[in-house]
Amino acid sequence: RPLRPGEYFSSVELALPSSFFELALTSDGTTAVMVAAQNEHVHVLQFLVSLCGARVLEVANRNGVMPAFLAAQHNRCKSLAFLVKHAESGAKILEVPRNNGATPALIAAFEGHLEALRFVVEHAPSGAHAVLSNKDNVWDKTPLDWARE
């Protein structure tokens, strides 16, 4: 069964095959990796990658949300650094939009998270201008637009 809020992996669950950790924990497809990234539990990210491989760092939920998006949304720069270093796509994960077009840079700006926004801008392969001027989303706004509000 999926874990409920406040529950943790037991020793029995830790003996399960690695595919267990790729399964969604919630009905929207949120995974253990996503929860670890948004809460900056880098040691858990390391553990999950050691069991499942780096591919789990790029799994999206039903809304297209990936761990990098959640890390940016919650201003978790250590998680972002881990994801960029270990994801098969590297820093490209910083530019992947969710289904509504929102990117890690957009959500960081919207939430007012300067540190996460700075990390994304400094590490995104397309460069700062491309990341900050992207308005291909349902709001037709750029990260700069959100930062100004």
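Here are a few short exercises on how some helices pack in this predicted model.

**Exercise 1. Work out how H3 lies against H5, and which residues make the contact.**

Start with the geometry. H3 covers residues 42–52 and H5 covers residues 77–86. Their axes are 10 Å apart, and the packing angle is about 20°. Angles under 35 degrees count as roughly parallel, so H3 is roughly parallel to H5. As for handedness, H3 passes H5 in a right-handed crossing.

Now look at who touches whom. H3 brings Val 42, Leu 45, Gln 46 and Val 49, while H5 brings Lys 78, Ser 79 and Phe 82. Sort those by class and you get four nonpolar, two polar and one charged residues.

**Exercise 2. Do the same for H5 and H7.**

Take the axes again: those of H5 and H7 come within 9 Å and cross at roughly 20°. Use the cut-off of under 35 degrees once more, and H5 and H7 are therefore roughly parallel to each other. The crossing of H5 past H7 is right-handed.

On the H5 side, the contact uses Cys 77, Leu 80, Ala 81 and Val 84. On the H7 side, look for Glu 115, Ala 116, Phe 119 and Val 120. The class tally for this contact is seven nonpolar, no polar and one charged.

**Exercise 3. Find the buried residues of H5 and say what they pack against.**

Pick out Ser 79, Leu 80, Phe 82, Leu 83 and Val 84: these are the buried residues of H5. Next, check their neighbours. They pack against H2 (32–38), H3, H4 (67–73) and H7 (114–123).

**Exercise 4. Decide whether Cys 52 and Cys 77 are buried, partly exposed or exposed, and count the disulfides.**

Buried means under 20% relative accessible area. Cys 52 has 4%, so this cysteine counts as buried. Cys 77 has 23%, which makes that residue partly exposed.

For the disulfides, a pair of cysteine sulfur atoms has to lie within 2.5 Å. By that rule the count is zero.

**Exercise 5. Describe the surroundings of Pro 67.**

First, place the residue: Pro 67 is found in H4. Its relative accessible area is 0%, so Pro 67 is buried.

Then list its contacts, leaving out residues up to four places away in sequence. Pro 67 touches Val 33, Met 34, Ala 37, Val 56, Leu 57, Val 59 and Leu 83. Leu 83 should ring a bell, being one of the buried residues of H5.

Finally, compare sequence with space. Pro 67 and Thr 30 are 37 residues apart in sequence, and their C-alpha atoms are 9.2 Å apart.

Notes. Residues are numbered from 1 along each chain as its sequence is written. This is a predicted model: local features need pLDDT of at least 70, side-chain atom pairs count only at pLDDT 80 or more; totals for chains, interfaces and linings use all residues. Side-chain values use heavy atoms; hydrogens and water are left out. Axes are lines fitted to C-alpha atoms, for helices over the stretch in contact, and angles run from 0 to 180 degrees between N-to-C directions. Helices (H or I, at least four residues) and strands (E, at least two) are DSSP runs, numbered from the N terminus. Angles under 35 degrees count as roughly parallel, over 145 as roughly antiparallel, 65 to 115 as roughly perpendicular and the rest as oblique. A crossing is left-handed if the near helix is turned anticlockwise from the far one by less than a right angle, and right-handed if clockwise. Contact means heavy atoms within 4.5 Å. Ala, Val, Leu, Ile, Met, Phe, Trp, Tyr, Cys and Pro count as nonpolar, Asp, Glu, Lys and Arg as charged, and the others, Gly among them, as polar. Buried means under 20% relative accessible area, exposed over 50%, partly exposed in between (1.4 Å probe, protein chains only).
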